[in-house]
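Subject: Structure handover

Hello,

I am passing this structure on to you, with notes on what turned up in it. Please read them alongside the coordinates.

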Amino acid sequence: MTSCRICGGRLHEFGDFGTQPLSSGFLEPDYIGDEYFFRLALGVCASCSMVQLMEEVPRHLMFNGHYPYLSSGSSVMRKHFEQTAQHFLRTELTSPDAFAVELGCNDGIMLRALADAGVRHLGVEPSESVADIARRNGIRVTTEFFQESTATEIREAEGRPAQLVYAANTICHIPYVDSIFRGVDALLADDGVFVFEDPYLADIVDKTAYDQIYDEHFYFFSVTSVSAMAQRFGFELVKAERLPVHGGEVRYTIARQGRRTPDSSVAALLAEEKVRRLADLDTLNAFFRNVEKSRDDLVELLRQLKAEGRRVVGYGATAKSATVANYCGIGRELVSFVSDTTPNKQGRLTPGSHIPVRPRSAFENPYPDYALLFAWNHAEEIIAKEIRFREAGGKWILYVPHVQVV
Ligand code: TYD
């Protein structure tokens, strides 16, 4: 692609990670055959400043009955979604006939709290594997991709509009935002809100968190680009809150144009992004130079540890780690296996890099010398609960915000 997926403006390419596999494409150990690869590269729109992938991966290859990721896989995230639900129950969902829709509800961790409070809800989740878990947990889910036609069907079937359309780590996955906004328009009550939270471009740049860049993350939102996107589709950004989860996100609250007064958070973050020239090509080129340095530092450290005969394993077979392993060329000769709690990843091989994924029990049996923390966004939680690893002399390798041993 050479033009912006949202506004048709000219895209300036600034970062190329080479060919990359599907980040959640974990392979059977006896897998033989071709893996899907695509060119992972970034561009920024000269017109609306949206940072986006240059190439789009067909959605059915990523989100299907094999999708392994579970939203409730971390205690911090479970708490985050519980608090999010309680916040909505106090603010947007107070009327007795309130109706809430979550796009990409995954295993239903947020909707569970709404269901417990007796609120009418619906999850729209295209990945059957996780939608089934939500359903088993008593959540109402439809297994579909959300788009304009889905929204119209829901609106008709429910016979009432939604006060809230919510999406966590979902909207940045969807290239066709025009259809999403038309769907929200069809579904949302006049005074309802569309709230979504996704990784924040400023955090990615500041922390050199290049592993946020992979097939599923099509857009890298900033307050400037989301504000322009909302306006383009007849909506208005009325609130922008920074969140600490997943390495730094922003929660965007969007209302129909003129329905709510934007609070000061929007102007404040717009001004901050302008002053620091967040979407300027110079800034983004400098970010990519930091990415290259981070890669070189990590590879050098791992090679040095190997030369010293140290045992290194990975911790967290994250989608993010697909970019790190494949961009840095890290295979099982440098990292012998990756420990992960997700049942559908265990016993398989990481995409592209083919490192075996083992259950958590393998991590302490025996402890390695070093653990490369691929799930760095959960560092606090993991380092605290794995205290015995450190007591046994183990050390963590982190690569965000820079390569270090702690
Ligand atoms: P996460 O960083 O949330 O997202 P992504 O896959 O989108 O990059 O993934 C965390 C992964 O780490 C997930 O596969 C579960 C795993 N994990 C553990 O193995 N142990 C843990 O204690 C935690 C918190 C996560």
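Which residues does L111 touch, not counting residues up to four places away in sequence? The contacts of L111 are E102, C105, H121, G123 and I139. Please keep in mind throughout that this is a predicted model.

L111 belongs to helix α3, which covers residues 109-116. L111 counts as buried because 28 C-beta neighbours fall inside 10 Å, and the cut-off for a buried residue is 20 or more. From L111 to G192 the C-alpha distance is 17 Å, with the two positions 81 residues apart in sequence.

Overall dimensions

The chain has 406 residues and a radius of gyration of 21 Å, which agrees with the value near 22 Å for a compact globule. Along the principal axes, the C-alpha atoms fill a box of roughly 65 × 50 × 40 Å. The chain holds 13 helices and 17 strands. Of the 406 residues, 49% are buried. Among contacts with a separation of 6 or more, 71% are between residues 24 or more positions apart.

Domains and annotation

Two domains are assigned: domain 1 (76-275) and domain 2 (282-405). Their contact takes 14 residues from domain 1 and 18 residues from domain 2. On the side of domain 1 that touches domain 2, six residues are nonpolar, five are polar and three are charged. The centres of domain 1 and domain 2, taken over C-alpha atoms, are 30 Å apart.

UniProt, in an unreviewed entry, places "domain: Methyltransferase putative zinc binding" at residues 4-63. In the model, residues 4-63 are 7% helix and 38% strand, with 23 Å between the end C-alpha atoms. UniProt also lists "domain: C-methyltransferase" (unreviewed entry) for residues 244-401. That span, 244-401, is 38% helix and 15% strand, and its end C-alpha atoms lie 14 Å apart.

The nonpolar core

The largest nonpolar core has 121 residues, and A100 and V165 touch the most other members. This core lies between domain 1 (76-275) and domain 2 (282-405), because both give residues to it. In soluble globular proteins, nonpolar side chains tend to be buried together.

Leaving out residues up to four places away in sequence, V165 touches V101, L103, V184, L187, L188 and F194. A167 lies in strand β7, residues 162-168. With 25 C-beta neighbours inside 10 Å, A167 counts as buried. Its contacts beyond four places in sequence are E102, L103, G104 and F196. E102 is thus a contact of A167 and also a contact of L111; L103 is touched by A167 and by V165. The C-alpha atoms of A167 and R332 are separated by 36 Å, and the two residues are 165 apart along the chain.

Helix α8

How many of the 10 residues of helix α8 are buried? Seven are, so helix α8 (residues 223-232) is largely enclosed by the rest of the structure. The buried residues of α8 are V223, T224, S225, V226, S227, M229 and A230. The cover over them includes α6 (177-187), β10 (235-243), β11 (249-256) and α9 (264-275). Just after α8, G234 takes a positive phi of about 85°.

Backbone details to check

- The peptide bond joining N365 and P366 is cis, with omega about -5°. P366 sits in the loop between β14 (357-358) and β15 (370-373).
- A cis peptide bond also runs from V400 to P401, with omega near 5°. P401 sits in the loop between β16 (395-398) and β17 (404-405).
- S49 is not a glycine, yet has a positive phi of about 70°. S49 is in the loop between β2 (37-45) and β3 (51-53), and is buried, with 20 other C-beta atoms within 10 Å.
- H246 is not a glycine either, and has a positive phi of about 50°. H246 is in the loop between β10 and β11, and counts as buried with 22 C-beta neighbours inside 10 Å.

Regards

Conventions: Residues numbered from 1 in each chain as written. Predicted model: local features only at pLDDT ≥ 70, side-chain atom pairs only at ≥ 80, totals over all residues. Core = buried A, V, L, I, M, F, W, Y, C linked by C-beta atoms within 7 Å. Buried ≥ 20, exposed ≤ 12 C-beta atoms within 10 Å, placed from the backbone. Domains from an automatic or database assignment. Contact = placed C-beta atoms within 7 Å. UniProt positions renumbered as here; feature names shortened; annotations may be inferred. Helix = DSSP H or I, 4+ residues; strand = E, 2+ residues; numbered from the N terminus. Rg over C-alpha atoms; globule rule 2.2 N^0.38 Å. Nonpolar A, V, L, I, M, F, W, Y, C, P; charged D, E, K, R; others polar.
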